[in-house]
Amino acid sequence: MTNRYDEVYRRSLDDPEGFWAEAARDIDWYEPWDKVLDDSNAPFYRWFTGGVVNTCYNALDRHVDGGRADQTALIYDSPITGKIEKFSYRELRDQVAVFAGALRNLGVEKGDRVLIYMSLSPQAAIAMLACARLGAIHSVVFGGFAANELTTRINDAKPKVIVASSCGIEPGRIVAYKPLLDQAIEVATEKPTHCIIHQREQQVADMVLGRDIDWNDAVANAEPAECVPVAATDPLYIIYTSGTTGVPKGVVRDNGGHMVVLKWSMKNVYGIDPGDVWWAASDVGWVVGHSYIVYGPLVHGATSVLFEGKPVGTPDPGVYWRVIEEHGVKAMFTAPTAFRAIKRDDPKGEYLKKYDLSKFETLFLAGERADPDTIQWAEDKLKVPVLDHWWQTETGWPALANCVGLGTLPVKHGSPTKPVPGYDIQVLDENCNRVAAGDIGAISVKLPLPPGCLPTLWHNDDGYISSYLSEFPGFYKTADAGYEDENGYFYVMSRTDDIINVAGHRLSTGGMEEVVASHQDVAECAVIGVADALKGQVPLGFAVLNAGVNRPEYEICVEIVQLVRDTIGPVAAFKIVTVVARLPKTRSGKVLRGTMRKIADGESFKIPATIDDPVILDEISDALKELGYAKEK
Ligand code: COA
Ligand code: AMP
């Protein structure tokens, strides 16, 4: 028997142009497109070429003009500062229009880049939407990254203006953003002409005369700006994400296709109607924040919760339930790690009993593998469907999901279910052949990717091809490995590159190795991701010291940890490093990181035939045991 999902999915692949043209009718266009799918420059596919739109218009003005002016657009709930603030669509539109005017006063025009380095606040969303209003391209950098990461992004995006918060607020400490910004600009080769600083009352930053402008002054002197029509294929934003080296990739998102799929997904993937309250507990620095705190819910006319807090400790593990009750949340999206934290602090779900969750219908999890234990705990306690789904910064919206709006399919724990309409997902072997059901291979998406996915990397078409398209001709490489079962359910098991997922945050161990190796006493090093009960994975470093170094090893380890924190940022959660005499390698000199990870996680492993000296594995195992790893399962 076919269900609605099967029918819709089939149509999306048989007639992608008809399918997406129909979905595109839910967006307001200044000019309709000439072509739905433009393959004239394949493999650089474009959607809705010739179309003219504005994303901010669709996210705000359209709703103000269409009867939602007084509906709440955004609820800022900040247990960390004790504030709750609500913005109607009219209020948000007005504030965005004025901030767009402030940017325009600084010379920001269509196509210019604006970098946003802000804590999770309404002002971050306002800054993003203001860029969209002007047709400027924003690039949001997560607040947990350090100055060096910021510099890399400034040099690549070359922003005319940077919008930053004076500080971020983390449990128990204030993180001063402004000194990091100043440091980053000082060493950047591409300097912005101005910075607009949102001074948070928790820590007011020093300003650089002539360059920095206080947010309040910038808006006080601005007139509201109108929406600037842009091509559907013009970039809306760049978001940098970890690649296999320390150099992040600038994922580009367009305006037209992006809006079409986000609007479509709010109803069909997440089961949300305009007017419903929706909550994505993430940060605007991540793709989830772009797609499902800001653009998706607003383009759809829903109410979006912007939560500045943690699942536990702000103030307790009941805060999620409090937010759901207080704002009448219908569905929420978070990372499994958040639920592991709640389960750890409140295993019996005592806090749940204090709140009325009757309006809550679905919990969505993504960002890392959802372990069946956590899913079962959440199902048991919440008594609503708990749906794992899978996507990436590159795709911008879900690729594997249990689409609520198309009729929820039976849940299989450990599987994010089936391909979302628009995605032809296949598991391939190294010769690009589809493997049999149950066999592990490379999870790949047949080209063209659906609308909303990255059309290329920022100013790096070659990098787009070499990173994603060249290994499996005709397919996009996700760099995830997994399998499809005989019923078409997919299972995502691990990355095929050096990316690890720490508390749902994507990080490159290669990038961390570059930093560890830069320590004066380190001859060579390796960083691997090891299993962690709370964060899913955490990085663990091994350092081989230069000959003749005779300082205490613990001192060097402390310095290395600090170096990673200062260079990449606290978000890397790099806290463990150990000194070893040698690293296990193949005869050709390749470090056996996979084998080291298996030893650390207590998994069975075969000694690779190509290993140079197997004895080193015993040394590594001993070092790991001292750290509390390498326990036999
Ligand atoms: N600005 C500055 N620093 C930040 C930051 C920000 N926006 N966000 C995190 N950090 C810092 C934290 O303070 C922490 O620093 P520390 O080493 O001094 O403790 C470090 O970066 C790691 O942060 P985090 O990953 O949040 O770990 P945590 O131990 O503070 O909290 C959890 C653990 C599980 C509660 C937390 O990871 C969490 O809420 N996860 C939810 C998952 C999620 O939102 N994922 C987003 C992708 S969908
Ligand atoms: P990001 O680009 O930060 O969203 O990270 C994307 C990566 O996170 C994917 O390539 C996967 O490795 C991992 N990931 C995301 N969602 C899931 C999921 N539901 N199950 C398993 N892994 C996931």
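This is a short tour of a predicted model, stop by stop, with what to select at each one.

**Ligand 1**

Start by selecting ligand 1 and the residues around it. The shell holds 23 residues, and the closest are Glu-170, Arg-173, Lys-310, Arg-565 and Lys-575. Sorted by character, the shell has 11 nonpolar, six polar and six charged residues.

Now show the side chains of Tyr-177, Lys-310 and Lys-535. An N or O atom in the side chain of Tyr-177 sits 2.9 Å from a nitrogen atom of ligand 1. The side chain of Lys-310 has an N or O atom 2.8 Å from an oxygen atom of the ligand, and for Lys-535 the corresponding distance from a side-chain N or O atom to an oxygen atom of ligand 1 is 3.0 Å. On its own, ligand 1 exposes 940 Å², of which the protein buries 84%. To see which elements give two or more residues to this shell, colour β10 (173-176) and α12 (336-345).

**Ligand 2**

Move to ligand 2, which is surrounded by 14 residues; His-389, Thr-393, Asp-480, Arg-495 and Arg-506 are the closest. Here the shell divides into three nonpolar, five polar and six charged residues.

Which atoms of Gly-367 and Asp-388 should be inspected against the nitrogen atoms of ligand 2? For Gly-367, select the backbone: an N or O atom there lies 3.0 Å from a nitrogen atom of the ligand. For Asp-388, select the side chain, where a polar atom is 2.8 Å from a nitrogen atom of ligand 2. Then add Asn-501, whose side chain has an N or O atom 3.0 Å from an oxygen atom of ligand 2. Ligand 2 alone has 490 Å² of accessible area, and the protein covers 92% of it.

**Helices α2, α9 and α10**

Hide the ligands and select helix α2 (residues 16-24) together with helix α9 (residues 256-268). Their axes are 9 Å apart and cross at an angle of about 80°, so α2 is roughly perpendicular to α9. On the α2 side, the contact uses Phe-19, Trp-20, Ala-23 and Ala-24; on the α9 side it uses Val-260, Val-261 and Trp-264. The contact residues comprise seven nonpolar, no polar and no charged.

Keep α9 and add helix α10 (residues 287-300). These two pack with axes 8 Å apart at an angle of about 85°, so α9 is roughly perpendicular to α10. From α9, select His-258, Met-259, Leu-262, Lys-263, Ser-265, Met-266 and Lys-267; they meet Ser-291, Tyr-292, Tyr-295, Gly-296, Pro-297, Val-299 and His-300 in α10. This contact divides into seven nonpolar, five polar and two charged residues.

**Backbone stops in loops**

The last stops concern the backbone. Most peptide bonds are trans, and most residues other than glycine have a negative phi.

Select Thr-314 and Pro-315: the peptide bond between them is cis, with omega near 0°. Pro-315 is in the loop between β17 (303-307) and α11 (319-327).

Next, select Leu-447 and Pro-448, which are also joined by a cis peptide bond, with omega about 0°. Pro-448 belongs to the loop between β24 (441-446) and α14 (461-469).

Finish at Lys-383. Where does Lys-383 lie? Look in the loop between α13 (372-382) and β20 (386-388). Its phi is near 55°, a positive value in a residue other than glycine.

Note on methods. Residues are numbered from 1 along each chain as its sequence is written. Chains are lettered from A and ligands numbered from 1 in the order in which they are written. This is a predicted model: local features need pLDDT of at least 70, side-chain atom pairs count only at pLDDT 80 or more; totals for chains, interfaces and linings use all residues. Side-chain values use heavy atoms; hydrogens and water are left out. Axes are lines fitted to C-alpha atoms, for helices over the stretch in contact, and angles run from 0 to 180 degrees between N-to-C directions. Helices (H or I, at least four residues) and strands (E, at least two) are DSSP runs, numbered from the N terminus. Angles under 35 degrees count as roughly parallel, over 145 as roughly antiparallel, 65 to 115 as roughly perpendicular and the rest as oblique. Contact means heavy atoms within 4.5 Å. Ala, Val, Leu, Ile, Met, Phe, Trp, Tyr, Cys and Pro count as nonpolar, Asp, Glu, Lys and Arg as charged, and the others, Gly among them, as polar. A residue is near a molecule or strand if one of its heavy atoms lies within 4 Å of it. A polar contact is a pair of N or O atoms within 3.5 Å; within protein, one must be able to donate a hydrogen and the other to accept it, and residues adjacent in sequence count only if both atoms are side-chain atoms. Accessible areas come from the Shrake-Rupley method with a 1.4 Å probe; for residues, only the protein chains shown count as cover.
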